[in-house]
Amino acid sequence: MMKIAPVEKPYAGNTLQVSARTYGIRSCNMTKVVAINGSARKDGKAAILIRCVPEELENEGIETELVQLAGRKIWGCTACMKCFENRDRRCVLDDDIVNDCIEKMAGAGGIILGSPVYFTDVTAEMKALVDRAGFVSMANDGLFKRKVGSAVVAQRWTGAIHSLDTLFHFLLSADMIVPGRPTIGVGRDIGDVDKDDEGIASAKNAGRSIAWLLKAVAR
Ligand SMILES: Cc1cc2nc3c(=O)[nH]c(=O)nc-3n(C[C@H](O)[C@H](O)[C@H](O)COP(=O)(O)O)c2cc1C
């Protein structure tokens, strides 16, 4: 019979224990989730939808923080590659919100990225964040690896799937664990999102899945 080489204390009784410490993610707070809203409008439809996810997390004792990029200075990646020279978990462009976001993302066990759809994709603010955070992560041995990641998108009529693809490409290429069934909210005016029962239900479901995964990973 084929023998499986033992890894560090893989079993306790009948339970497979995946130790967060073994995989190097204990330096973050597994009971904290940071949600970043890439909308250019503070407290708009994307924010309403994103706020439905933490409701479920808080029921499970998981702290959440919402960061809104609206009105904040944010530059795109300049491809200077200094993050690969410095490897100090920061972007050299230090006069905008990106390093704050990277620090919060690296310190949390879960990351939710939310955006409205702009011309069938995420906002320029969100793209700037994922490009720069993505390179800083790669330059530092995967700052976000094995965290739990999720995506929320608010659209008026079309483009949610393409926008989700953009966010999922970031989450997956950063080696994060991503539960299925992402959140899509549909509505024309701000108040319409509250009436989108399916969008709200999918946001709450995402919250429950993130909580379940965080607890499983942190065991
Ligand atoms: C520049 C711009 C481009 C947009 N492009 C699209 C689009 O391609 N598809 C769509 O469904 N909605 C589009 N919208 C509408 C927004 O996605 C939608 O109103 C969203 O819910 C706004 O979220 P917010 O309230 O968080 O700003 C666009 C809005 C703006 C300002």
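**Notes on the predicted fold**

1. Start at the end of H4: just after this helix, Asp141 takes a positive phi of about 60°. Keep in mind while looking that this is a predicted model. Most residues other than glycine have a negative phi, so residues on the positive side deserve a glance. Two others come up here. Ala79 is not a glycine, yet its phi is positive, at about 55°. Thr120, also a residue other than glycine, has a positive phi near 65°.

2. Where do Ala79 and Thr120 sit? Ala79 belongs to the loop between E4 and H2, while Thr120 is in the loop between E5 and H4. Their surroundings can be read from the neighbour counts. Ala79 has 8 C-beta neighbours inside 10 Å, so this residue counts as exposed. Thr120 has 13 such neighbours inside 10 Å and therefore counts as partly exposed. Gly61, which follows H1, has a positive phi too, near 80°.

3. Now the overall layout. The chain holds seven helices and seven strands, and from the N terminus on the order is β-β-β-α-β-α-α-β-α-β-α-β-α-α. Of its 219 residues, 39% count as buried. Take the contacts between residues at least 6 apart in sequence: 76% of them join residues at least 24 apart.

4. On the strand side, E3 (29-37) has two partners to look at. With E5, the pairing is parallel and runs over six bridges; Val34 is placed opposite Ile111 in E5. With E4 (residues 63-68), E3 also runs parallel, again joined by six bridges. There, Asn37 faces Gln68 in E4.

5. Back to H4 (residues 124-139), this time for its length. Do the arithmetic: 16 residues at 1.5 Å each should span 22 Å, and the end C-alpha atoms are 23 Å apart, so the helix agrees with expectation. Its buried residues are Glu125, Met126, Lys127, Ala128, Leu129, Val130, Arg132, Ala133, Val136, Ser137 and Ala139. What do they pack against? The partners are E3, helix H2 (82-86), helix H3 (98-107), E5 and helix H5 (160-173).

6. Lys127 is worth a closer look. This lysine lies in H4, and is it buried or exposed? With 20 C-beta neighbours inside 10 Å, and 20 or more being the cut-off for burial, Lys127 counts as buried. Its C-alpha atom is 9.8 Å from that of Trp75, although the two residues are 52 apart along the chain.

7. The largest nonpolar core has 57 residues, and the members touching the most others are Leu49, Val53, Leu129 and Val152. H1 supplies the largest share of this core, eight residues. In H1 the buried residues are Lys45, Ala46, Ala47, Ile48, Leu49, Ile50, Cys52, Val53, Pro54 and Leu57, a list that includes Leu49 and Val53 from the core. Leaving out residues up to four places away in sequence, Leu49 touches Gly114, Val152, Ala154, Thr183, Gly185, Val193, Gly199 and Ala203.

8. H7 (residues 197-218) passes the length check as well: its 22 residues, at 1.5 Å a residue, should span 32 Å, and the end C-alpha atoms are 32 Å apart, so the two agree. Which of its residues are buried? They are Gly199, Ser202, Ala203, Ala206, Gly207, Ile210, Ala211 and Leu214. The elements covering these buried residues include E3, H1, strand E5 (108-116), E6, strand E7 (183-186) and helix H6 (192-195). From H7, Gly199 and Ala203 are among the residues that Leu49 touches.

9. Finally, the ligand. It is surrounded by 18 residues, and the closest are Ser39, Gly44, Lys45, Ala46 and Pro116. Which element gives the most to this shell? H1 does, with three residues. Helix H1 (45-59) and strand E6 (148-155) each provide at least two of the shell residues. Sorted by class, the shell has nine nonpolar, six polar and three charged residues. Lys45 and Ala46, two of the closest residues, also appear among the buried residues of H1.

How values were computed. Residues numbered from 1 in each chain as written. Predicted model: local features only at pLDDT ≥ 70, side-chain atom pairs only at ≥ 80, totals over all residues. Near = placed C-beta within 6 Å. Helix = DSSP H or I, 4+ residues; strand = E, 2+ residues; numbered from the N terminus. Nonpolar A, V, L, I, M, F, W, Y, C, P; charged D, E, K, R; others polar. Expected span 1.5 Å × (residues − 1). Buried ≥ 20, exposed ≤ 12 C-beta atoms within 10 Å, placed from the backbone. Contact = placed C-beta atoms within 7 Å. Core = buried A, V, L, I, M, F, W, Y, C linked by C-beta atoms within 7 Å. Pairing = 2+ DSSP bridges.
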